[in-house]
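Biologist: I would like a close look at a single part of this protein, and after that a careful account of how some of its helices are arranged.

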Amino acid sequence: MGLSYEETRRAAYQLKVGKPLRIDYRILGFPEQLSDAVLKVCNLDRAGKEPFRSAPTYRLNNLLQTLVSEVAVMRRGPVSGNSPAHGWLYHPAARPDPLPENVRRRLLSVWLQDLRPEPEFQDSVREALGVLDANSQGWSSGSVDLLESGTSSGGTATPSSLQYVLVTDYFARRIQEWSRRSPYRFEGGELRFRAVAQGARQEGAELMSQPLEYKPGRRSWWFSVLVTLRLHTAPFDPRPRLHVHLGLRRWATNPNSKTGSIGLPYQTDTSVYLRPSEPWLPTAPVSERFGVARITWDRDSRQHRWHHGGPAAMLSRLALMRPFPDVSALLSDPTPWLDSRLGMHALVVHSTRMGQHAVRSGLMSHQRSQIMEWLEAGLGAELERLPDLRRSRLHHDSPENVRAKSSGRKRSATDDAARTRRASIARGCLRLDEAGRPVFEARLLWLEPQTRDLAVQGLVDVLDLDGDGGLNGLTRDETGLLSWTTDELVIRLRCRRLASGLADQLGVDPRSRSRRKDHAAAVTRRRAEMAAFLTADGTSSAGSSLAVVAIPPSDAFEGRGENDPKFALRLGAADVGALTQFIAERPGGSGDTNRAKAAWMDGFRQLGASVVPVPRVSDGLPAGTQYLAIWMAACRRDTPTRPARKFPVAVLVRPEPNGTDSVLGWDPSAEDGVGGWTSYAKLLTMLPRLAGVAPEDLAAMPGEDQEPRLEQQRKLDQQRRQTGQFIQKVLYSPELRERPTVLLAHAQNSRHQWTWLQDGTVRKDMIRTGLASASRLHPWLRLVRIRTGDQGETPQWWGIAPGAGVNGLPAGLWTQPGPGDTPTIDARVFYSTTAKAVQFRDSAVEADVLAPRPIRRGKRRGELTLDTNKQGWNPGLVEIVVLGCHPDRGDIPEVIAMAVHQQRQAPDYGDALRLPLPLHLARLAQEYVLPTSASDGEVADVREADLHRNAEESVPEDDG
């Protein structure tokens, strides 16, 4: 019997009240502040274009991250007048100067020459350099209070942009010094940490331990323990908090036996962590930190080299004290570079695209708690750990129709779920047979007959059908129509071999400089071919249908996704009203039924046939409450120079006790632009047209054109206006005003377009959707914001075991104790946790990746085992904030939070969802707007969990 956990602990710390921490810094202004001549050089030959109003320092920042790892590099924040509100480079005044004047001037000189290398501009560059030499400005001095923070009108902390960088930088230095004096000790070794240089866009700090060896056989594999620090806020809390994340970073040390070199990912730069034993630049001090450089593929020379933005072209003009490692030598024999025997550490990061690594990623809860206990002692007296969370006082944390776990009820529950699913499909059918029964028709498009047979069996299992529908009567290659009749509907499945060429790669040369344009043309052609194929087969856009398509997996296509036809086929099917799900078909038609079941289940959910959790809560939330989800679907990929364009999607989920649930989607084009609700399936097939994604933005590779900052801001302001208008129209629809509604939004996804969701803006029980001032919530509306662990915004956590037990991962809804260590009725911030996913159910919470441990249970009890090769998978901590409700009308925030927590436990998913079901369904609309990295049916190792695949759930810590 498992332990009962009544409290959970977060790896998060608040800055203490009354503990000032003012640090003196050296400060250097942005380059354009040094002289007007800098901007003149930047704006050469920009006639007809918007001029630069600030110097583009992206490449220079990368150079600093490599060579001058001790400085904190700031990104531009708000502008006061014509100047940024803060400096560019910061460094503690008490430490040696990392940028002596001669080094600083040389770096600026190299940067300007790199910015405008054209021969015709060299006179202007030399003139600007002369001005810089004559008016050279060194470091200025200033102090920053790291702990003092303002508060918003809603009572939330509002740290400055400086604090987000400098607070984490300060405590990273603390931890590094603490580990030098008192390392973390484990059986057989100890951990000592060094900080890592951070780029201007990385608001946080990192530390890595020394490389550790794992040798399960003849080959050695290497990894380091990773510590990440980030400063965050929480709604209605006047103090910011420091989140500490622990993970693993794995190193690439085993060259390919055929090529003799590490196989780096295609079209992706690979990070290398560098630390020389002597300084890079003359007169500069030796850095205690790791710098970061990147290796890239040079299409002209057909070999790997150091990336020019960090730093090659600029490096060639610098007189370094020692050269960078030779790229080919480093990749062919990386192990000697793990320590300083060659005069430098050079650690090549392993990524999953390089193949398998014997060290699996992530730490489990008990070992994390042990390392955190050591680390906490080194943070200092200015911080205090956040209070432990308490389990909710509400009795039931699962919905009324929760998926049965006991073996005695399992078959009955499966029958009920299949019956509910069939009834839901029947409600969406437009055709009736002669007997007046609804007719549902789907298509199965296959390449190999073995896949056809597996897919048919998957459909039989998912809908609990009798017989094979006539499959045995079909020959190996025959096209045919299978049929089943149930109490709810008639099911007809058209089985047809996919037309020759539709499943082939798109024919884009991944090495071509015009590959984005080529990809756009190829997608357009394949899209039209798929639409024509389905139309010829009788598909009609009059109603939504479903096609399950078997094609080769993504890794069968050349390049990095640009030749995968999956999204082109999806667009073509949507053009004629067909929804699509894909099964990855290996050569010979190999596969299993679980893969096919997952495709059918996902397809039925797209049709709106989801089994909606029925909340099991008492007073505090009106009966019959429905759930509205807003999601911002990306229409263009986000890059440092071109932010993503987003399109709002709204999904309405109406749980019903009798099982007649409905899932609706908002069509903004209905009623001549007024908007209206349609079926979820219809919305999905309309999204490619509604979102208006440009063909060139469908490419797997981002564009390289740079948008000026003012143009970026103009487009963001336009998106915000459009989002506000969208939400206003949705909220005033009759379907919402006729019954109580909980509006759900995801913080990280939507707050840039809907700014009311931002911590520093929101106020309790109010809402703002456009340019108008904030107002009280409508009587029928409640507003809940969900925040997940993306960007470390919710902390890592573990359940506190009683006594000397093992700290585990309990599921439940958790509340924060108020004054007097008791829950407060007005609490608005809650936390949701769920059980481990099925495929990780046997992962030991006491797993140890550093030293052998005794097995606690089972036949091998007492034996020693080492868990370095085990996946350290932890469910994420999901923050549920009840931003708005009506306490004066009987609303209880904790009850609302519990109902939302229960929405993560959809009965027809084997595992809990990362997001509540309405948000999960809204997010899945992304599949019809822009290609995603995780494609249908692409799970490498299909287990029972894939039957109800939940791509949302928390994943192990990445290598970074």
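Biologist: In which loop, between which strand and which helix, does Pro887 lie?

Modeller: In this predicted model, Pro887 belongs to the loop that runs between strand S43 (878-884) and helix H20 (893-902). Pro887 is partly exposed, its relative accessible area being 40%, a value between the 20% under which a residue counts as buried and the 50% over which it counts as exposed. When its neighbours within four places in sequence are set aside, Pro887 has contacts with Asp765 and Arg828. Asp765 is separated from Pro887 by 122 residues in sequence, whereas the two C-alpha atoms are 9.1 Å apart in space.

That pair can be set beside the figures for the protein as a whole, where 74% of the contacts with a separation of 6 or more are between residues 24 or more positions apart. The protein has 960 residues, of which 57% count as buried, and its secondary structure consists of 21 helices and 43 strands.

Turning to the helices, two packed helices are described by the angle between their axes and the distance between the axes. Helix H6 (residues 161-181) packs with helix H9 (residues 365-379) at an angle of about 110°, the axes being 8 Å apart, and H6 and H9 are therefore roughly perpendicular to each other. Their crossing is right-handed, and the contact involves Phe171, Arg174, Ile175, Trp178 and Ser179 from H6 together with Trp374, Leu375, Ala377, Gly378 and Leu379 from H9. Sorted by class, the residues in this contact of H6 with H9 are seven nonpolar, two polar and one charged. H6 itself, with 21 residues, spans 31 Å from its first C-alpha to its last, which is close to the 30 Å expected at 1.5 Å a residue. Of the 21 residues of H6, 16 are buried, so this helix is largely enclosed by the rest of the structure.

A second pair is formed by helix H12 (residues 515-536) and helix H13 (residues 566-575), which pack at an angle of about 45° with their axes 7 Å apart, and this makes H12 oblique to H13. The crossing of H12 and H13 is right-handed. On the H12 side, Val523, Arg526, Arg527, Met530, Ala531 and Leu534 meet Ala568, Leu569, Leu571, Gly572, Ala573 and Asp575 of H13, and by class this contact of H12 with H13 has eight nonpolar, one polar and three charged residues.

Terms used. Residues are numbered from 1 along each chain as its sequence is written. This is a predicted model: local features need pLDDT of at least 70, side-chain atom pairs count only at pLDDT 80 or more; totals for chains, interfaces and linings use all residues. Side-chain values use heavy atoms; hydrogens and water are left out. Axes are lines fitted to C-alpha atoms, for helices over the stretch in contact, and angles run from 0 to 180 degrees between N-to-C directions. Helices (H or I, at least four residues) and strands (E, at least two) are DSSP runs, numbered from the N terminus. Angles under 35 degrees count as roughly parallel, over 145 as roughly antiparallel, 65 to 115 as roughly perpendicular and the rest as oblique. A crossing is left-handed if the near helix is turned anticlockwise from the far one by less than a right angle, and right-handed if clockwise. Contact means heavy atoms within 4.5 Å. Ala, Val, Leu, Ile, Met, Phe, Trp, Tyr, Cys and Pro count as nonpolar, Asp, Glu, Lys and Arg as charged, and the others, Gly among them, as polar. The expected span of a helix is 1.5 Å times one less than its number of residues. Buried means under 20% relative accessible area, exposed over 50%, partly exposed in between (1.4 Å probe, protein chains only).
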